[in-house]
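Here are some notes for a colleague who is opening this entry for the first time. Please read them with the sequence and the structure side by side.

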Amino acid sequence: MMIEDTVVETRQLEHVYSGRVRAVRGVDLKIRRGEFLAIIGQNGSGKTTLTKHFNGLLKPTSGDVIVNGLNTKNASIAQLAKRVGYVFQNPDHQLCMRTVQDELSFGPRNLGIDPAKIKARVDNIIQMFDLERYRQTHPFLLGRADRLRVAVCSTLTMEPDIVVVDEPTTGQDMRQSYELMEMLKNLNGQGRTMVFITHNMRLVAEYARRTVVMRQGSIVMDDRTSEVFSHPDILADTFLSPPQITQLAQKLGKYGIPSGVLSVKEMDGIMNELIDK
Amino acid sequence: MKEITVDSLHWKYATSDRWVLDDVSFEVEQGEFLAITGPTGAGKTTLCLSLTGIIPHGYNGVWEGIVTVGTLDTRRYAAASLAQHVGIVFQDPESQFLTMSVRDEIAFGLENLALPRDEITKRIEDASKIVRIDDCLDRAPYELSGGQKQRVAIAASLAMQPEVLILDEPTGQLDPVGKMEVFSVLEELRRTKSITILLVEHLTEEIVKYADRMMLLYNGKIERLEKTSKFFDDVDFVAKKGVPIPQVTQLGHMLQSQGANLSHLPLTLDESVVMYSRLLDHGGK
């Protein structure tokens with residue numbers, strides 16, 4: 001029996017590429033509704049391979065992936081696309097229409113949704129994410145940050161429960177990365193489950209409530225983000241390190257500063273209290 | 001000795017409606033390590049291309065001003081002859097790979113210079129040792145990890161024995177280990193070869209450890225060009241222009257504005273541990 005609020009579950013998931021590369025090795029993972037989850041790990045640790053199973057882009061070599069009670073082995077891409085929106089690392093790999101409006105309509109149209117409903121959804125997303133001025137623009141004429149936003153929005157019009165974003169920072173500067181993360185946070189606030197993959201530990205610390213650490217196809221840690229970053233030794237084994245501010249907190253541990261500090265603001269509050277004493 | 005002199009450089013592509021580089025002037029000393037930051041669209045890549053002669057020779061557009069690398073005016077020399085003086089490494093190393101083995105990849109530029117076979121062999125050995133890829137010379141570049149690929153691209157540039165190495169966000173797609181591999185190679189190059197390095201990079205927490213000076217490019221103009229120790233003096237200004245502030249520096253700025261007694265803002269983790277320990281030991285207000 002699956003617990004009611006589990007939206008994605010992998011059971012002993014294995015994925016082997018071309019019969020020899022074991023990219024994912026026996027992963028058991030449960031993602032609950034409304035979570036904001038980060039997956040971190042070195043290049044080649046299996047992050048992307050794992051998440052591509054969530055919407056059936058990849059099927060398990062062995063083991064099972066259950067999405068909203070549906071085993072991906074028996075599900076069509078269309079059934080899964082309704083549940084899981086997947087945003088590729090490179091937005092250009094998924095943009096394929098001539099205007100932003102058509103791009104946003106593309107997914108739901110393929111799901112066979114009623115045109116009036118599609119229009120309402122597209123209008124809603126365009127309004128929500130301030131894309132009106134781009135409605136009739138060709139997606140490839142937009143800057144990279146806006147193309148990525150359109151890619152995210154084009155999954156949203158399918159109204160998925162879960163949105164997976166594979167590295168929201170590539171080709172973006174800091175402000176653009178934060179803008180995109182704010183957009184995901186906003187969606188999470190509306191009850192959608194968010195999963196993102198990144199190498200940017202600051203974004204993980206500031207946005208993810210739970211963090212999964214992968215190494216060589218396996219999960220080596222899966223906990224609250226502050227707890228994960230409290231173990232610099234285990235992270236070092238996976239060639240990762242906590243954000244700079246967390247490292248500072250750990251080096252000042254003898255003053256009673258907790259090891260799981262996640263933001264500059266949090267650290268500032270703690271330092272002020274200690275100085276005032 | 002000046003290695004690079006840029007004097008009132010203006011450039012716009014045939015398709016741009018404004019200057020992409022708008023009256024840019026600066027000089028770089030031989031052996032200096034200059035980091036260039038700025039938001040997307042600031043003109044960082046265009047500046048890199050302008051220092052290698054790829055702009056104006058390879059692009060249509062309007063150029064004003066003078067760029068001198070070593071003693072060469074880049075407008076008068078084709079990018080090919082400048083390539084012996086200035087090497088460039090792009091964000092995506094695969095975009096510059098042409099061959100099926102690391103050895104051939106490094107040899108490519110050298111063969112184009114028609115160097116003797118022995119000289120080519122020796123340069124391949126030297127360059128691959130410096131970036132620590134000498135154990136994968138016979139592998140295909142596309143089989144390597146991201147950090148290794150980027151080091152192959154750097155080795156291919158190094159083998160040309162340039163006086164200047166320009167790197168345009170070389171760690172953008174790399175994981176933290178890959179990034180550190182690239183930074184440590186740059187550090188070593190500078191120490192052992194005194195090559196002049198210009199690095200475009202957003203990871204300010206890392207580059208403050210290596211760069212002598214930092215430049216903030218914004219809308220095609222130089223908004224700030226300072227010694228690294230002074231670059232973040234005006235934290236609010238730099239942050240407003242979209243440059244990530246090292247977290248320990250940001251913390252110092254907040255504490256200072258709340259009345260803490262700090263002589264200056266720390267830039268690195270090690271420095272900040274010392275300063276903040278002192279603050280906590282003595283109470284600091």
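**Notes on a sheet and a domain contact**

1. In chain B, F33(B) stands opposite I197(B), a residue of β8(B). The model is a predicted one, and this pair of residues is a convenient place to begin. The strands concerned are β3 (residues 33–37) and β8 (residues 196–200) of chain B, which pair in the parallel sense over four bridges.

2. The wider setting is an open sheet of six strands in chain B, with mixed pairing, whose order reads β6-β7-β8-β3-β9-β10. Because β6 (86–89) and β10 (221–227) of chain B stand at the edges and have a single partner strand each, one side of each is left without a neighbour in the sheet. From one strand to the next, the twist averages 15 degrees.

3. Helices also meet this sheet. Helix α1 (residues 44–52) of chain B packs on it, touching β3, β6, β7 (164–168), β8 and β9 (213–218) of chain B, and the direction of α1 makes about 155 degrees with that of β7(B). Helix α6 (residues 146–158) of chain B lies across β6 and β7 of chain B and runs at about 170 degrees to β6(B).

4. Turning to chain A, the division is into domain 1 (6–240) and domain 2 (243–277), with C-alpha centres that lie 32 Å apart. Ten residues from domain 1 of chain A and seven residues from domain 2 of chain A take part in the contact.

5. On the side of domain 1 of chain A that touches domain 2 of chain A, α7 (201–207) and α8 (225–229) of chain A each supply at least two residues. The residues of that side of domain 1 of chain A comprise four nonpolar, three polar and three charged.

Key: Residues are numbered from 1 along each chain as its sequence is written. Chains are lettered from A and ligands numbered from 1 in the order in which they are written. This is a predicted model: local features need pLDDT of at least 70, side-chain atom pairs count only at pLDDT 80 or more; totals for chains, interfaces and linings use all residues. Domain bounds come from an automatic or database domain assignment. Two residues are in contact if their C-beta atoms, placed from the backbone, lie within 7 Å. Ala, Val, Leu, Ile, Met, Phe, Trp, Tyr, Cys and Pro count as nonpolar, Asp, Glu, Lys and Arg as charged, and the others, Gly among them, as polar. Two strands pair if DSSP finds at least two bridges between them. Axes are lines fitted to C-alpha atoms, for helices over the stretch in contact, and angles run from 0 to 180 degrees between N-to-C directions.
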